[in-house]
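Hi,

Here is the structure I promised to pass on. Have a look at it first, then read my notes underneath.

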Amino acid sequence: MIEARDLKKSFDAQPVLDGVSFEIETGESVAIIGRSGCGKSVLLKHLVGLLKPESGAVLIDGENIVPMNERQLLRVRQKFGMVFQSAALFDSMTVAENVAFALRRNSRLSEAEIARRVAHALDVVNLPGTGDKSPAELSGGMRKRVGLARAIVYEPRILLYDEPTTGLDPIVSDSIDQLMVRVRDELNVTSVVVTHDMRTARRVGHRVVMLHQGKVQANGMPDRVFDSTDPIVRQFVDGVADAREPS
Amino acid sequence: MTSSAKERVVNMLAGLGEFAFLARDTAASLLRLKVTWRDFLFQFYSIGVESQAVVLITGAFTGMVLGAQTYFQFHKVHMDTATLAVVAVSMCDELGPVLTALMVAGRVGAAIAAEIGTMRVTEQIDALRTLATHPVDYLVVPRVGAAILTMPLLTMEAICVGIGASYLVSTRLLGIDPAYLWYNALHFAGDADIVIGVTKAVFYGGIISLISCYKGMTCGQGAEGVGRATTQAVVYSAITVLIVNFFLTLTLGKLLGLL
Ligand SMILES: Nc1ncnc2c1ncn2[C@@H]1O[C@H](COP(=O)(O)OP(=O)(O)O)[C@@H](O)[C@H]1O
Ligand SMILES: [Mg+2]
């Protein structure tokens, strides 16, 4: 279970998270939506301890990770897999080495077993046979899928996705949506998907949390949120630009 | 104090504090041998090999110019045969370690800061962390460990090449008698000079690699941040080496003098 309690974070006196609280049950899949720059990536990074809040707590299976130092966090992070907005592949390594990274470092599996699991993970993300390529040779969508393979190969219990479909063409986004649903159901993981793509949120999320101006603006079943009468939620869901508010 | 000056002092102290933490984490991780041999050997190879050209050229030309200049001065007082002794002592104690360190700061320090800085701005370091890998274990320790071991070797190489080149210039170009030249060199330069050179090199390897890793790990946003981190890594390493060199010369001179 993941619980955020009254998280506050600012950069250069500019508040980004201003008291964010929510809970995510084990096995649940939650979509976090909100406008660009509203702090979705910042929130996600707090959940794995990549960023520390000024106040508040992040509880992973009941354990507060905020006061932990980097070395204590390593143990907690073995539960997590994270797919970055920019894919963040290691560009000095091949695709296969990227995917094998966590297995090589944190498990005692044989090289043959690692190779088998890497090939399987690349199959799952529909990139069989790309193992020897370097990340620079891949398209944006392929890089994101390698990022996904790297995150699922060691079968983490919690998966965090940062805008997995943003900037991809509709067909690739669709395949990534399906992939996330499959991973969610087959591996029974807890997933947190940050997105501003309504379709992804609707398909992958059991629940939708909307961030607005550093606070949780809405939190509920996808249908409830998308049919909400709250003007701020409506505006975002319908995608209407507001002349009064600078973006 | 004006508020901006105050801010700068605070930032500088905060930076020093962070640097101290990095040094502590690195030392702890080095001592626990939390390093994979493959990464370590790769760094050892790349630091050593990348530096060959600069180290050889620096060593040779410094030795030669030092030999020639010493000869010009000593010739006036008929001490030609002491030329190589002066070259050997200066190369071992000061010029070998310092010039090698400055060249390695430019070559290896810049490469380390640019590589780690790029990893930081492209979120590769965050990716490492989510893959349950400590960035200090994976990125800093192999580089610092390799630099501490490579620097003495590179420094000895520069010293030997420098003395050898100076010997050739002295005997072939300046016509000094080789037998007396060697005799004096061996008489005045001793084990203590080699100990001083190697000790300094170990320090400078640590200084350059730690400062460069620190600059990379704390690099600012975007290409501009990486550029700035790279420049600062070289400048700070070079200045720190020059300042520390003075204190090491005093300390080591006193220590070895007493022993
Ligand atoms: N490391 C950082 N330093 C300073 N400001 C940051 C940093 N990371 C994010 N921000 C700021 O926090 C805000 C939220 O960013 P982010 O979480 O990336 O938005 P998004 O919801 O689009 O993912 C932005 O205004 C951004 O400029
Ligand atoms: Mg984002």
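Below is what turned up, going from the ligand to the pockets, the cavity and a sheet. One thing to keep in mind throughout: this is a predicted model.

**The ligand**

Let's start with ligand 1. Its shell is made up of Phe11(A), Val16(A) and then an unbroken run from chain A: Arg35(A), Ser36(A), Gly37(A), Cys38(A), Gly39(A), Lys40(A), Ser41(A) and Val42(A). Sorted by class, that shell holds 4 nonpolar, 4 polar and 2 charged residues. Which element gives the most to it? That is helix α1 of chain A (residues 40–47), with 3 residues.

Backbone atoms come close to the ligand's oxygens in several places. For Gly37(A), a backbone N or O atom sits 2.6 Å from an oxygen atom of ligand 1. For Lys40(A) the corresponding distance, again from a backbone N or O atom to a ligand oxygen, is 2.8 Å, and for Gly39(A) it is 3.0 Å. On its own, ligand 1 would expose 560 Å², and the protein buries 60% of that.

**The two biggest pockets**

The largest pocket encloses about 2200 Å³ of space. It has 50 lining residues, and the ones closest to its centre are Glu18(B), Arg120(B), Tyr214(B), Met217(B) and Thr218(B). Both chains take part: α1 and α2 (70–77) of chain A each give two or more residues to the lining, and so do several helices of chain B, including α4 (83–121), α6 (135–173) and α9 (222–258). The largest share, 12 residues, comes from α1(B). In terms of class, the lining has 23 nonpolar, 12 polar and 15 charged residues.

Next comes the second largest pocket, with a volume of about 720 Å³. Its lining counts 24 residues, and nearest the centre are Met93(A), Arg38(B), Asp39(B), Phe42(B) and Tyr138(B). Here too the lining draws on both chains, with at least two residues each from α3 (95–106) of chain A and from α2 (37–50), α4 and α6 of chain B. α2(B) gives the most, with 7 residues. The class split is 12 nonpolar, 4 polar and 8 charged.

**A cavity in chain A**

How many cavities of 30 Å³ or more are there? The count comes to 1, and its volume is about 40 Å³. The residues lining it are Val83(A), Lys144(A), Arg145(A), Leu148(A), Tyr161(A), Pro164(A), Ile176(A) and Met180(A). Of these, 6 are nonpolar and 2 are charged, with no polar ones. Helices α5 (140–152) and α6 (170–187) of chain A each supply at least two of the lining residues, and α5(A) has the largest share, with 3.

**A sheet in chain A**

Last, the strands. In chain A, 4 of them form an open, antiparallel sheet in the order β2-β1-β4-β5. Why do β2 and β5 each have one side without a neighbour in the sheet? Because β2 (14–24) and β5 (63–64) stand at the edges, each with a single partner strand. Elsewhere in the sheet, β1 (residues 2–11) and β4 (residues 55–60) run antiparallel and are joined by 5 bridges. If you want a spot to look at, Glu3(A) stands opposite Leu59(A) in β4(A).

That's it from me. Over to you!

How values were computed. Residues numbered from 1 in each chain as written. Chains lettered and ligands numbered in written order. Predicted model: local features only at pLDDT ≥ 70, side-chain atom pairs only at ≥ 80, totals over all residues. Heavy atoms only, no water. Near = heavy atom within 4 Å. Polar contact = N/O pair within 3.5 Å; in protein donor to acceptor, adjacent residues only side chain to side chain. Areas by Shrake-Rupley, 256 points an atom, 1.4 Å probe, with all protein chains shown as cover. Nonpolar A, V, L, I, M, F, W, Y, C, P; charged D, E, K, R; others polar. 1 Å grid on protein atoms, 1.4 Å probe; cavity = no way out; pocket = protein on both sides within 12 Å on 5 of 7 lines; lining within 4 Å. Points joined across faces, edges and corners; volume = space filled by probe spheres on them. Pairing = 2+ DSSP bridges.
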